[in-house]
Amino acid sequence: MNQSRADLIKLRRRIVTMCYRAKMGHISSALSCVDVLYVLYKNFLNKNHNDFILSKGHAAPGLYVVLNHFKHLKDAELDKFGTLGSALTSHPTCLVPGIQFASGALGLGLSVGVGMSLANKIKGIKNRKTFILIGDGELNEGSVWESLIFAGNNSMKNLIVVLDKNNIQASDYSKNIIKTDPLIKSIKKLGWNTVFTDGHDTEKILTTINSVFNSQKPTLIITNTIKGKGVSFMENDPAWHHRNPTEEEFNLAIKELTL
Ligand SMILES: [Mg+2]
């Protein structure tokens, strides 16, 4: 088994365990995007001077375990997730080292990221990328479209947005709310690169990001993902958007997440 695969199983176990213990946290949303977060921190955010916003803030447990894996958060801090006085709440805040924007109110991260990228452009900082991770449900938000139009019109090439396309938004499938695929086609027409990859294959995620790194346009990387990935009974089931496992379900999940 390669190192990334082994790391990801360990990270998924920690997500499930910390949320089970705290009796809070959006487990399936975190399991959906933890592979992308791992690749971003390993290759682009760990030591490099790039910016990152987790716009789908409810996936915070995924971000916390990745920050811990890359030594930005101590084990003792991670173990306090969801307890009184801990900075590690169900949605990220700037009290956590390395977190630049408190998110959770959906649809805001892209606007803020565009602003950060624009500030870099005005200051003449050329090589600093702004990465933003959004959920498919956020594409329904008006503020997201204002940002998409602005960034496309201004060829904001240092902007790389990753869409965690798990086809579920909150408690229902996207196809029953607003279909995502036509929206992606519209984004391309607004002056964006749009590329697709497998959001659970770390090598493909890395190759895709590298392939757009020197693009002259802003880029939307659509990662095809499965909400709840790694725990069979949580996968692709909207009921698990914000459910905490019973003891029996927890034990079953941990049994599935073995090396
Ligand atoms: Mg989603």
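This passage walks through a metal site, some open and closed spaces, and a handful of individual residues in a predicted model.

A good place to start is the magnesium ion. Three protein residues hand it donor atoms: Asp136 through OD, Asn166 through OD1 and Ile168 through O. These donors sit 2.1 to 2.3 Å from the magnesium ion. Read along the chain, the donors follow the spacing D-x29-N-x1-I. As for how much of the surroundings they get to see, asparagine 166 and isoleucine 168 are both buried.

Next come the pockets. The largest pocket has a volume of about 340 Å³, and 16 residues line it. Arg5, Leu8, Arg12, Asp35 and His200 are the lining residues that lie nearest its centre. Helix 1, which covers residues 3-22, and helix 8, which covers 202-212, each supply at least two residues of this lining. Helix 1 gives the most, with 5 residues. Sorted by class, the lining of the largest pocket has 7 charged, 6 polar and 3 nonpolar residues.

The second largest pocket comes in at about 210 Å³. Its lining is made up of 18 residues, and those nearest the centre are His58, Leu106, Gly137, Gln169 and Ala170. By class, the lining of the second largest pocket splits into 9 polar, 6 charged and 3 nonpolar residues.

Pockets are open, but the structure also holds 1 cavity of 30 Å³ or more. The volume of this largest cavity is about 60 Å³. Its lining consists of Tyr41, Phe52, Ile53, Leu54, Leu63, Pro92, Gly98, Ile99, Gln100, Phe101 and Ser103. Strand 1, residues 51-54, provides the largest share of that lining, with 3 residues. Here the class count reads 8 nonpolar, 3 polar and no charged residues.

Now for some single residues, beginning with serine 28. This residue is found in helix 2, which runs over residues 27-45. Is serine 28 buried or exposed? Serine 28 counts as buried because its relative accessibility is 0%, and the cut-off for buried is under 20%. A polar atom of the side chain of serine 28 lies 3.0 Å from the backbone oxygen of tryptophan 240. Setting aside residues up to four places away in sequence, serine 28 touches Lys227, Gly228, Trp240 and His241.

Trp240 also turns up among the contacts of glutamate 249, together with Phe233, Arg243 and Asn244, again leaving aside neighbours within four places in sequence. Glutamate 249 belongs to helix 9, residues 247-256. Its relative accessibility is 19%, so glutamate 249 counts as buried.

Phenylalanine 150 gives another picture. This residue has its place in helix 6, spanning residues 142-153. With a relative accessible area of 34%, phenylalanine 150 is partly exposed; that label applies because the value falls between the limits of 20% and 50%. Not counting residues up to four places away in sequence, phenylalanine 150 touches Val114, Leu118 and Met156. What about leucine 190? In sequence, phenylalanine 150 and leucine 190 are 40 residues apart, while in space their C-alpha atoms are 8.9 Å apart.

Finally, a look at the backbone. Most residues other than glycine have a negative phi. Which residue goes the other way, with a positive phi of about 60 degrees although it is not a glycine? That residue is lysine 23, and its place is in the loop between helix 1 and helix 2. Serine 155 also has a positive phi, near 45 degrees, and is likewise a residue other than glycine. Serine 155 lies in the loop between helix 6 and strand 3, the latter covering 159-165. Because its relative accessibility is 38%, serine 155 counts as partly exposed.

Methods
Residues numbered from 1 in each chain as written. Predicted model: local features only at pLDDT ≥ 70, side-chain atom pairs only at ≥ 80, totals over all residues. Heavy atoms only, no water. Helix = DSSP H or I, 4+ residues; strand = E, 2+ residues; numbered from the N terminus. Buried < 20%, exposed > 50% of the residue type's maximum accessible area, 1.4 Å probe, protein only. Contact = heavy atoms within 4.5 Å. Donors = N, O, S within 2.8 Å, 3.2 Å for Na, K, Ca; no water. Polar contact = N/O pair within 3.5 Å; in protein donor to acceptor, adjacent residues only side chain to side chain. 1 Å grid on protein atoms, 1.4 Å probe; cavity = no way out; pocket = protein on both sides within 12 Å on 5 of 7 lines; lining within 4 Å. Points joined across faces, edges and corners; volume = space filled by probe spheres on them. Nonpolar A, V, L, I, M, F, W, Y, C, P; charged D, E, K, R; others polar.
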